[in-house]
Amino acid sequence: MKSMDSGAQRGIPVVSAPRKRASAKRVAAVAMLAALEDRRLRREALQNGLQEAVDLLKSRRADLIGDGFIDDYVALNWLEWHGGNLRLTVVGGNVCKQATQA
């Protein structure tokens, strides 16, 4: 393909490399990797905040834990609803122990 730059204006043909189009598979793979990275970062944020959430539960201030965090902690089985109250599960206790050992 010829392009009109300073070389072409002087009568020198300039050939540019053909542009590669991203395949649908490649685009999907990149999107999947980005989603995995987002999940990894979210899980790290949840692990880092779990001990604080447990401390808030002990002081009976679960209202200070963000709703999105509560939903995620319950989905990960780190916290559970018990009679209208949140409590730490065995899995959540193990996550807290691992965080303090690291």
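## A charged network on helix H2

Glu44 counts as partly exposed, at 35% relative accessible area. That value comes from a predicted model. Glu44 pairs with Arg40 in a salt bridge, where the closest N and O atoms are 2.4 Å apart. Both residues belong to helix H2. They are 4 residues apart, about one turn of the helix.

Arg40 has a second partner. The side chain of Glu37 meets that of Arg40 in another salt bridge, at 2.4 Å from N to O. Glu37 and Arg40 are 3 residues apart in helix H2, so about one helical turn separates them. Glu37, Arg40 and Glu44 are thus linked in a network of salt bridges. Glu37 is partly exposed, with 34% relative accessibility. Arg40 is partly exposed as well, at 38%. Side chains of opposite charge can pair when their charged atoms come close.

## A bridge between helices

Which residue of helix H3 pairs with Arg42 of helix H2? The residue is Asp72. The side chains of Asp72 and Arg42 form a salt bridge, at 2.7 Å from N to O. Asp72 lies in helix H3 and Arg42 in helix H2, so this pair ties together parts that are 30 residues apart in sequence.

Both ends of the bridge are partly exposed. Asp72 has a relative accessible area of 25%. Arg42 has 32% relative accessibility. The count for the model comes to 5 salt bridges, including the Asp72–Arg42 pair.

## Overall architecture

The protein has 4 helices and 2 strands. Read from the N terminus, the elements run α-α-α-β-β-α. Helix H2 spans 24–58, helix H3 spans 67–75 and helix H4 spans 90–101. Strand E1 covers 79–82, and strand E2 covers 85–88.

Of the 102 residues, 20% count as buried. The exposed surface of the protein is about 8200 Å². Carbon and sulfur atoms supply 56% of that area. Take the contacts between residues at least 6 apart in sequence: 34% of them join residues at least 24 apart.

## The nonpolar core

How many residues make up the largest nonpolar core? It has 14. Those with the most contacts inside this core are Leu50, Leu57, Ile65, Tyr73, Trp78, Leu79 and Leu86. Helices H2, H3 and H4 each supply at least two of the core residues. The largest share comes from H2, with 6 residues. In soluble globular proteins, nonpolar side chains tend to be buried together.

Ile65 is one of the residues with the most contacts in the core. Leaving aside residues up to four places away in sequence, Ile65 touches Ala53, Leu56, Leu57 and Ile70. Of these, Ala53, Leu56 and Leu57 fall within the 24–58 span of H2. Ile70 falls within the 67–75 span of H3.

## Thr89 at the start of H4

Is Thr89 buried or exposed? Thr89 has a relative accessible area of 10%. The limit for buried is under 20%, so Thr89 is buried. Thr89 sits in the loop between strand E2 and H4.

A polar atom of the Thr89 side chain lies 3.0 Å from the backbone nitrogen of Gly92. Gly92 falls within the 90–101 span of H4. Thr89 also touches Asn77, Trp78, Leu79 and Glu80, not counting residues up to four places away in sequence. Two of these partners, Trp78 and Leu79, are listed with the most contacts inside the core.

## Positive phi in two loops

Most residues other than glycine have a negative phi. Arg60 and Asn77 depart from that pattern.

Arg60 is not a glycine, yet its phi is positive, about 60°. Arg60 lies in the loop between H2 and H3. With a relative accessible area of 70%, Arg60 is exposed.

Asn77 is not a glycine either, and its phi is positive, about 65°. The place of Asn77 is the loop between H3 and strand E1. Asn77 is partly exposed, at 38% relative accessible area. Asn77 is also among the residues that Thr89 touches.

Methods
Residues numbered from 1 in each chain as written. Predicted model: local features only at pLDDT ≥ 70, side-chain atom pairs only at ≥ 80, totals over all residues. Heavy atoms only, no water. Core = buried A, V, L, I, M, F, W, Y, C linked by side-chain atoms within 4.5 Å. Buried < 20%, exposed > 50% of the residue type's maximum accessible area, 1.4 Å probe, protein only. Contact = heavy atoms within 4.5 Å. Polar contact = N/O pair within 3.5 Å; in protein donor to acceptor, adjacent residues only side chain to side chain. Salt bridge = Lys/Arg side-chain N within 4 Å of Asp/Glu carboxyl O. Areas by Shrake-Rupley, 256 points an atom, 1.4 Å probe, with all protein chains shown as cover.
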